[in-house]
Amino acid sequence: MGTTAGDGDPFFDAVRLLLLLDAAVTDIDLREANTAPATAVGVVRTQTLLQKLDFWLRYPDYLADELLTEYEKSGEPVLLRLAAQILDSDEPELRQIPMLRFKFGAYEPLDMPMSVLSVAGLAVVRSSRTDQRVRHYDYFLTTRGRQTARSCVEDFPNLAWYGKRTKLVVALAQGTGMTGTALRKRQYLQRDYAGTGLNEEIASIAERARQRLAEMKPNAAAPA
């Protein structure tokens, strides 16, 4: 079963976020050039974006259900196949790492795991502030961070799943616009997600997604 929300290992969380950053960072633009560390190879803009990407990584059932939605739109067989690989296995039960729902959706404090990455020189967090509050955070992946992320996947077979899955999560997000606001709106379209009470753990939708997959499979197999 998944771990209990709030009981995560900050070192495991740090590794997961490092692999996610490696898959998700985009080029540093002129606006960020003055604040980016000299060793940065890319950036994930805003904590909201990082949290929403991490949600799909932590909830394979929600990811699979979104793949089914994309399949309904496009008819691309690979999307149905990817969803089936997740839902026809025990992955939704074994890989789920629960998150709580806050005002702006799935959320978990990132201070501890990002501190682990920062101390090791693998990532750097920069904040943009007004006089009253932090406006947003930028998450920079360093050269050392990229090298470490890729060596982790090669050297530790147990992390290979995360290396592959982060790429799938990012590919799905890119189709939505790859912004925190766009992903937040998309995730709120899920009734179970949106209906979760504030500060409550977001529940699995594995059985509903499996039923949806079962209804799609015969139509997909039918001759044109």
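This is a short walk through a few helices and loops of the structure above.

Okay, some ground rules before we look around. What we have is a predicted model, where local features need pLDDT of at least 70, side-chain atom pairs count only at pLDDT 80 or more, and totals for chains, interfaces and linings use all residues. Residues are numbered from 1 along each chain as its sequence is written, and side-chain values use heavy atoms, with hydrogens and water left out.

Let's start with helix α6, which covers residues 111-119. When I say helix or strand, I mean a DSSP run, numbered from the N terminus: H or I with at least four residues for helices, E with at least two for strands. Which residues of α6 are buried? They are P113, M114 and L117. These three cover an arc of only 95° around the axis, so they sit on the same side of α6. That arc is taken from the directions from the helix axis to the C-beta atoms. And buried here means under 20% relative accessible area, exposed means over 50%, and partly exposed is in between, with a 1.4 Å probe and protein chains only.

Now flip to the face of α6 turned away from its buried side: there you find the exposed residues D111, M112 and V119. Take M112: its relative accessible area is 54%, so it counts as exposed. From the C-alpha of M112 to that of R16 is 13 Å, with the two positions 96 residues apart along the chain. Just after α6 comes G121, with a positive phi near 75°.

So what does α6 pack against? One partner is helix α1, residues 10-24, at an angle of about 70° and with the axes 8 Å apart. The axes are lines fitted to C-alpha atoms, for helices over the stretch in contact, and the angles run from 0 to 180 degrees between N-to-C directions. That makes α1 and α6 roughly perpendicular to each other. For the wording, under 35 degrees is roughly parallel, over 145 roughly antiparallel, 65 to 115 roughly perpendicular, and the rest oblique.

Who meets whom there? From α1 we have P10, F11, D13, A14, L17, L18 and L21, and from α6 they meet M112, P113, M114, V116 and L117. Contact, by the way, means heavy atoms within 4.5 Å. By class, this contact has 11 nonpolar residues, no polar ones and one charged. Nonpolar covers Ala, Val, Leu, Ile, Met, Phe, Trp, Tyr, Cys and Pro; charged covers Asp, Glu, Lys and Arg; the others, Gly among them, are polar.

Staying on α1, look at D22. Is D22 buried or exposed? At 13% relative accessibility, it counts as buried. Leaving aside neighbours within four places in sequence, D22 is in contact with L141, R146, A149 and R150.

Next stop, helix α8, residues 160-176, which holds T166. T166 is buried, at 1% relative accessibility. Not counting residues up to four places away in sequence, T166 touches L19, L20, A23 and L57. T166 and R16 are 150 residues apart in sequence, but C-alpha to C-alpha they are 9.0 Å apart. G163 is in α8 too, and is buried at 6% relative accessible area. With the sequence neighbours up to four places away left out, G163 touches L19 and V153.

Moving on to α9: its buried residues are G180, A182, L183, R186 and Q187. They cover an arc of only 165°, which puts them on the same side of α9. What they pack against is α2 (47-58), α3 (60-74), α8 and α10.

In the loop between α9 (180-187) and α10 (191-194) sits Q190. Its relative accessible area is 8%, so Q190 is buried. The side chain of Q190 makes a polar contact with the side chain of R208, at 2.9 Å. A polar contact is a pair of N or O atoms within 3.5 Å; within protein, one must be able to donate a hydrogen and the other to accept it, and residues adjacent in sequence count only if both atoms are side-chain atoms.

Last thing, two backbone oddities. Most residues other than glycine have a negative phi. T46, though not a glycine, has a positive phi of about 85°; T46 is in the loop between β1 (40-45) and α2. M178, also not a glycine, has a positive phi of about 55°, and lies in the loop between α8 and α9.
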